[in-house]
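This report describes how one chain is arranged into domains, how those domains meet, and which contacts join distant parts of the sequence. The structure is shown first, and the description follows.

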Amino acid sequence: MTTQTHDQLLSTIQDALKACGYTGSLEGGNLQTRTPLTGEDLFKIQGTTKEQATEMIAAADEAFKSWRDVPAPRRGNVIKRWGELLTEHKHDLGILVQVEAGKSISEAEGEVQEMIDICDFALGQSRMLYGKTMPSERPGHRLMETWHPIGVVGVISAFNFPVAVYSWNTANALVCGDTVVWKPSEMCALSALGAHALLARAIDDCGEDQNISHLILGDRTVGEVLLDDPRVELVSATGSTRMGREVAPRVASRFGRYLLELGGNNAAIVSPTADLDLALRGIVFAAAGTAGQRCTTMRRLIVHESIADKLVDQIVAAYKTLTIGDPRDESVLVGPLVNQGAFDGMQKSLEAAKEQGGEVLVGGNRVIVDDTEKSFYVEPAVVRMPEQSEIVHNETFAPILYVLTYSDFDEAIALHNAVPQGLSSAIFTQDNSEAELFLSASGSDCGIANVNIGTSGAEIGGAFGGEKETGGGRESGSDAWKTYMRRATNTINYSGELPLAQGVKFL
Ligand code: NAD
């Protein structure tokens, strides 16, 4: 039970936005903001028109012509400053994320921490945009590669990580010398205003051009401007597979580049040798945490038949202890679904699961919080399925964990890889050969494969992304920066002769 009134919530949001540096209006606009915490409307802010979005792209394209020649370590200073401001305003931005994405304050601030971490990473990267030197087959020649900025990067992001995914893209893109136009989720416009304002302050503090960063507010129709404008060299789009199917062919039709981070259908295999206490904690956090609204949420459990009943009983018991409610109450572990569409989608999937032979062991019911039907809270569900069936192949963006059993390890891997998505995966085992097989080429087919931890909660140091219908993109750490640059292969002849490659003779 939260004691904050609606008016108090509005003034908390205003204070947080002001602290982040947002000075614009919060009323009289055409874009209605809303909170899943209570289901109430918040402010009506001004959305961006398609014409304005096109002007932003033009301005970012113009700014690119100077930004690309700014030394990369100096570009890194903007990101360093952004990281400092994010650290200072971690709670302010965390509040905005909590209000719009419905997360606990610990998870919302954790999301801002992820932004701070990628700023640290990208700052270092700004001094490490390395190219290789390769031995030339010709005497007196040097062969090497250089990496150059590509231009305007369009970032489209989803509601469930409203600011972190933006920063993964933006921190890397800016140090690489690109400029950024961001179209956040229409459900999280206030968080976007806060995150964008902090970057604007960082740019200002470093004396750089504000046109290196732009924010488009509105729904998919205004976001579509990014898909069709040839000045947008790369579209980095995070969201549903449905969205990716629309984005990819449109951008490809103009030979633009795209980076897709789409839906997941993440599973964990639990072997008979697993440490069950550890597995239990890993499973419950990954499956029920964030009300099942992480792209890496665990949606399938593939458990050996000899331990299935025991483990499932423990999971059901743990689910019964989960506190569900408004996460402004810090004792709450499971917050709201984002809207009625998410709730209806969950109910539909539970019905389909039952028709396909599934048994709902716990959860699935709506929870009315603070006497209002405007918000959508739900008990996380566990459904035991007799076999792999159609519903298990779909991502339902809500807390449903399907349980399947296996008898031998090959069967577990086959069940694991049988879905069209390929984001995150895990195995709980104390058997080293099983762990190695899971990580091998014939093991998990996902972009993320973990041993003895759940499917969610990635660190920024690794490249993040997935295979198959998850889209194949990689963001964040490792060498993901290369996606934001173009590579040139250079041959320099200092021999005074003109030997041709492959020994070809001409003239
Ligand atoms: P969504 O696909 O409805 O929307 C995502 C973003 O795309 C929004 O900003 C939306 O306005 C925009 N959009 C939608 N259609 C578009 C189009 N045709 N052209 C241009 N823009 C368009 O997704 P959502 O409900 O906000 O988020 C949940 C989904 O995102 C889940 O499927 C989840 O798995 C996925 N997700 C994936 C990752 C990942 O890294 N793989 C991360 C977070 C979320």
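What is the order of the strands in the open sheet of 3 strands, and is the pairing parallel or antiparallel? In this predicted model, the order is 3-4-23 and the pairing is antiparallel. Strand 3 (133-134) and strand 23 (485-493) form the edges of the sheet, each of them pairing on one side only. Between strand 3 and strand 4 (residues 141-149) the antiparallel pairing runs over 2 bridges, and M134 stands opposite L143 in strand 4.

**Two domains and their contact**

The domain assignment divides the chain into domain 1, made of 6-262 + 471-487, and domain 2, which covers 266-460. The contact between them draws 27 residues from domain 1 and 21 residues from domain 2, while the centres of the two domains, taken over C-alpha atoms, are separated by 30 Å.

The size of an interface is often given as the accessible area lost when the parts come together. By that account, domain 1 and domain 2 bury about 2,000 Å² between them, with 56% of this area on carbon and sulfur atoms. On the side of domain 1, L37, E107 and F159 supply 23% of the area buried against domain 2, more than any other three residues.

Polar and charged groups also take part in this interface, across which there are 9 residue pairs in polar contact (both at pLDDT 80 or more) and 2 salt bridges. The elements that give two or more residues to the side of domain 1 touching domain 2 are helix 4 (90-101) and helix 5 (105-125), and helix 5 gives the most, with 6 residues. The residues on this side of domain 1 divide into 11 nonpolar, 8 polar and 8 charged.

**Salt bridges**

Over the whole structure, a search finds 20 salt bridges. Two of the pairs are set out below with the distance between their closest N and O atoms.

| Acidic residue | Basic residue | Closest N and O atoms |
|---|---|---|
| E107 | R294 | 2.9 Å |
| D205 | R81 | 2.8 Å |

E107, which pairs with R294, is also one of the three residues named above for their share of the area that domain 1 buries against domain 2. In the other pair, D205 forms a salt bridge with R81; D205 lies in helix 7 (residues 189-205) and R81 in helix 3 (residues 72-88), so the pair ties together parts that are 124 residues apart in sequence.

Conventions
Residues numbered from 1 in each chain as written. Predicted model: local features only at pLDDT ≥ 70, side-chain atom pairs only at ≥ 80, totals over all residues. Heavy atoms only, no water. Pairing = 2+ DSSP bridges. Helix = DSSP H or I, 4+ residues; strand = E, 2+ residues; numbered from the N terminus. Domains from an automatic or database assignment. Contact = heavy atoms within 4.5 Å. Buried area = accessible area lost by both parts, 1.4 Å probe. Salt bridge = Lys/Arg side-chain N within 4 Å of Asp/Glu carboxyl O. Polar contact = N/O pair within 3.5 Å; in protein donor to acceptor, adjacent residues only side chain to side chain. Nonpolar A, V, L, I, M, F, W, Y, C, P; charged D, E, K, R; others polar.
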